[in-house]
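Work through the exercises below with the sequence and the 3D view open. Try each task before reading its solution.

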Amino acid sequence: MLTHLIPIAMKKILITLSLFAITLGSMAQKHKEVGINFSSMDNFGLSYKTGGERAMWRFSTFVDGTALTTGTDADKIVQGASGLGAAIGFEFNRPLSGDLSFRWGSDLFANTTRETRTTMVNSRNVKEASIRNQRGFNLVLGLNYLMNEKFVLGFEVLPSVTYTIAKEKVPATLGNQQETNELFTAWSYGLNTNWLRLTAAFRF
């Protein structure tokens, strides 16, 4: 049931983006913002916004990477991951009190992540690798604090719906003498730590 409804919801998001583009195009542009996004210590990116006081287009890119080594030399496990993504969307702003404002909107996003894992088994390295491509959309719910005329701090919660296509290379083992490639697809929705975002931006 969910997999049938999600494509319909994504079409509605595209229609909403188109209507927003027409509305924003008729507005006089008042300012732009360039900033840095942080979702965690290993997930960060750049953002660019343009529009008026109450409505803005938003564009962002993000990268992430992790590396972890566990075990001893005899049974060592080395894991790593790196990713790259981009998003386009819009947001509306509503003043709350003083320099604090509430913002809400939506993004369409795409990202690619490569993961590797090397395990020492019987004095030889067994290597596994996977590539994960994700497409989806997220809501934008957050707060903006205008420190002065030029600098803005923002916090966002980005609940998302995501479609994932993953290709995994499975190494040969005692039970499987040949290396194989497996393909997985899945829909997911919800919130994780990468969708809690802090932004520091320069306004001009």
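**Exercise 1. The fold in order**

Task: Which pattern of helices and strands does the protein chain follow along the sequence?

Solution. Read along the sequence, the pattern is α-β-β-β-β-β-β-β-β-β-β. That gives one helix and 10 strands. Helices (H or I, at least four residues) and strands (E, at least two) are DSSP runs, numbered from the N terminus.

Two notes on the model apply throughout. It is predicted, so local features need pLDDT of at least 70 and side-chain atom pairs pLDDT 80 or more, while totals for chains, interfaces and linings use all residues. Residues are numbered from 1 along each chain as its sequence is written, and side-chain values use heavy atoms, with hydrogens and water left out.

**Exercise 2. Cover and contacts**

Task: What share of the residues in the protein chain is buried?

Solution. Start with the classes: buried means under 20% relative accessible area, exposed over 50%, and partly exposed in between (1.4 Å probe, protein chains only). The protein chain has 204 residues, and 33% of them are buried.

Next, take the surface. The accessible surface of the protein chain is about 12,400 Å², with 63% belonging to carbon and sulfur atoms. These areas come from the Shrake-Rupley method with a 1.4 Å probe; for residues, only the protein chains shown count as cover.

Then turn to contacts (heavy atoms within 4.5 Å). Take those between residues at least 6 apart in sequence: 58% join residues at least 24 apart.

**Exercise 3. Three salt bridges**

Task: Which parts of the chain does the pair Glu 33 and Arg 203 link?

Solution. Fix the rule: a salt bridge is a side-chain nitrogen of Lys or Arg within 4 Å of a carboxyl oxygen of Asp or Glu. The structure holds 10 salt bridges.

Step one: Glu 33 and Arg 203 form a salt bridge, their closest N and O atoms 2.7 Å apart. Glu 33 sits in strand 1 (residues 31-40) and Arg 203 in strand 10 (residues 196-203), so the pair links distant parts of the chain, 170 residues apart. Glu 33 counts as buried because its relative accessibility is 4%. Arg 203 is also buried, at 15%.

Step two: Glu 91 and Arg 58 meet at 2.8 Å, N to O. Here strand 4 (residues 77-97) supplies Glu 91 and strand 3 (residues 55-70) supplies Arg 58, 33 residues apart. Glu 91 is buried, at 1%. Arg 58 is buried too, at 7%.

Step three: Glu 115 and Arg 132 meet at 3.1 Å, N to O. Glu 115 belongs to strand 5 (residues 100-121) and Arg 132 to strand 6 (residues 124-146), 17 residues apart. Glu 115 is partly exposed at 30%, and Arg 132 is partly exposed at 24%.

Last step: trace the network. Salt bridges link Lys 49, Arg 58, Glu 91, Arg 103, Asp 107, Glu 156 and Arg 197.

**Exercise 4. Empty space inside**

Task: How many cavities of 30 Å³ or more are there?

Solution. Rolling a probe the size of a water molecule over the atoms shows where empty space is left. On a 1 Å grid over the protein atoms alone, a cavity is a set of points where a 1.4 Å probe fits but cannot get out; lining residues have an atom within 4 Å of a point. Grid points are joined across faces, edges and corners, and a volume is the space filled by probe spheres set on the points. The count is two cavities of 30 Å³ or more.

The largest has a volume of about 80 Å³. Its lining has 13 residues, with Ser 47, Lys 49, Arg 58, Ser 60 and Arg 197 nearest the centre. Strand 2 (43-51), strand 3, strand 4 and strand 10 each give two or more residues to this lining.

Sort the lining by class: Ala, Val, Leu, Ile, Met, Phe, Trp, Tyr, Cys and Pro count as nonpolar, Asp, Glu, Lys and Arg as charged, and the others, Gly among them, as polar. For the largest cavity this yields three nonpolar, five polar and five charged residues.

The second largest cavity has a volume of about 30 Å³. Among its lining residues are Glu 33, Lys 49 and Arg 103.

Note on methods
1 Å grid on protein atoms, 1.4 Å probe; cavity = no way out; pocket = protein on both sides within 12 Å on 5 of 7 lines; lining within 4 Å.
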